[in-house]
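Open the model in a viewer and keep the sequence panel visible. The stops below go by residue number.

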Amino acid sequence: MSDKPIRVAVVGVGDFGRNHVRVWREIEGAELVGVIDTNPERAQKIAAEFGTRVLRDLDALTSDGIDAVSLAVPTAEHARIGSRILAAGIAVLVEKPIAASLAEADALIAAAKRSRGILQVGHVERFNPAVVAVGKIVSRPMFFEIHRLGIFSPRSLDIDVVYDVMIHDLDILLSLVNAPVVDLKAVGIPVISEKVDIAHARVEFETGTVANLTASRVSTERVRKMRFFQEHEYVSLDFTRQDVLRVRVDASNAKASVASPEANNAQPKIGFEKVPTTPEEPLRAELRSFLESVRTRKQPIVDGAAGRRALELADRVMSGILEHARHVQLSSFAPQDAR
């Protein structure tokens with residue numbers, strides 16, 4: 001593809017889609033051509049707000065020469081609409097989760113393969129500058145503690161917190177550990193909706209790595225943090241502040257102290273280091289990365305396979321929650337269904 005601007009459109013302009021429109025409008029190398037939404041009034045309002053136009057339907061994506069689409073429709077429509085757009089030779093960035101089921105995820109991945117198209121999944125936290133920085137220093141992490149707590153909002157109450165919130169951290173965990181899951185325990189309950197509003201999972205990997213994850217949308221405060229331990233160091237990441245603190249023990253000093261305490265009475269040296277990050281809105285970084293994949297035809301950082309792995313692990317967490325609810329006979333507190 002030449003250096004001419006990549007022509008983009010946004011399909012679905014609810015809360016997530018509106019943000020895509022806003023950022024696409026500002027990204028160099030992209031030309032925002034228009035938006036599509038099943039709600040004509042909402043489409044018109046967003047188009048007017050960001051100085052673009054409403055495209056009549058999905059067929060207009062082809063007739064208007066669209067190269068790439070942000071797909072931010074309800075999850076149940078991801079596979080159907082995404083496959084249709086990919087079949088037209090148009091690249092797709094589909095919001096997370098990749099689809100409503102693993103079978104639908106497979107259908108979407110197959111559609112991308114058939115068309116030799118670009119399919120990226122919107123796990124936006126993978127592009128958080130703090131996560132990018134951590135990816136460069138992770139070696140053999142043995143224990144993770146992850147909290148993603150949010151204050152109540154009526155948005156997304158039709159989906160369990162596991163798929164709405166925890167799936168971000170499941171995706172990041174899979175990218176950092178890169179090993180099969182061998183054991184999983186989970187618990188979760190509805191609080192203000194008929195879906196699971198707060199959930200906790202303990203995940204163990206083949207490497208021996210253990211991760212504790214807590215996700216909530218009924219917290220009294222907003223917390224988005226990840227901490228992990230690896231040999232001789234502790235790393236703390238704050239998603240909101242986009243910063244990373246690395247606490248390290250000088251291993252050689254520690255060994256010398258143990259071997260010859262008389263010769264070296266000093267305590268092990270502990271160093272505190274703020275890992276360099278370059279602040280940027282994760283969505284902007286995500287869309288820039290997608291744009292680069294569309295232009296170069298290289299596989300996205302978060303491709304369909306990565307999106308499927310995150311969904312599969314989220315499904316396992318939900319199965320664990322349902323199994324626990326049956327075991328302790330939660331009855332009216334049990335989730336109504338898995339999704």
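Two strands count as paired if DSSP finds at least two bridges between them. With that in hand, note that this is a predicted model, and begin at a hairpin.

**Stop 1: the hairpin**

Select residues 223–230, strand β11, and residues 233–238, strand β12; the two run antiparallel and are joined by six bridges. Two residues lie between the strands of this hairpin, and H232 takes a positive phi near 65 degrees. For a reference point on the ladder, pick R227, whose bridge partner in β12 is S236.

Now add residues 143–151. This is strand β7, which pairs with β11 in the antiparallel sense over seven bridges. Label F144 and F228: these two residues stand opposite each other, F228 being in β11.

**Stop 2: the parallel sheet**

Which strands form the open sheet, and in what order? There are six, in the order β3-β2-β1-β4-β5-β6, and the pairing is parallel. To find the edges, select 53–54 for β3 and 119–122 for β6; each of these strands pairs on one side only.

Inside the sheet, select 68–71 and 91–95. These are β4 and β5, paired in the parallel sense over four bridges. A68 stands opposite A91 in β5.

Next, show residues 15–24. They form helix α1, which packs on the sheet and touches β1 (6–11), β2 (30–36), β4 and β5. The direction of α1 makes about 160 degrees with that of β1.

**Stop 3: the nonpolar cores**

Select L61, I85 and M226. They have the most contacts inside the largest nonpolar core, a set of 78 residues. Helix α7, residues 161–177, gives the most to this core, with 12 residues.

Centre on L61. Leaving aside its neighbours within four places in sequence, L61 is in contact with A9, V11, I36, L55, I66, V69, I85 and I90. Another core, of 24 residues, lies apart from the largest one; V8, A30, A47 and A91 are among its members.

**Stop 4: salt bridges**

How many salt bridges does a search of the whole structure find? The count is 24. Three are worth displaying in turn.

Start with R217 and D164, whose side chains meet at 3.8 Å, N to O. R217 is in strand β10 (residues 210–219) and D164 is in helix α7, so the pair ties together parts that are 53 residues apart in sequence. Are these two residues buried or exposed? Both are buried.

Move to E204 and R202, which form a salt bridge at 3.7 Å, N to O. E204 is partly exposed, at a relative accessible area of 24%. R202 is also partly exposed, at 32%.

Last of the three, select E312 and R308, whose side chains meet in a salt bridge at 3.8 Å, N to O. The two are separated by about one helical turn because they are four residues apart in helix α10 (residues 304–327). E312 counts as partly exposed at 36% relative accessibility, and R308 counts as partly exposed at 23%. To finish, select K96, D164, D197 and R217 together: salt bridges that share partners join these residues into one network.

Key. Residues are numbered from 1 along each chain as its sequence is written. This is a predicted model: local features need pLDDT of at least 70, side-chain atom pairs count only at pLDDT 80 or more; totals for chains, interfaces and linings use all residues. Side-chain values use heavy atoms; hydrogens and water are left out. A nonpolar core is a set of buried Ala, Val, Leu, Ile, Met, Phe, Trp, Tyr and Cys residues joined through side-chain atoms within 4.5 Å. Buried means under 20% relative accessible area, exposed over 50%, partly exposed in between (1.4 Å probe, protein chains only). Contact means heavy atoms within 4.5 Å. A salt bridge is a side-chain nitrogen of Lys or Arg within 4 Å of a carboxyl oxygen of Asp or Glu. Axes are lines fitted to C-alpha atoms, for helices over the stretch in contact, and angles run from 0 to 180 degrees between N-to-C directions.
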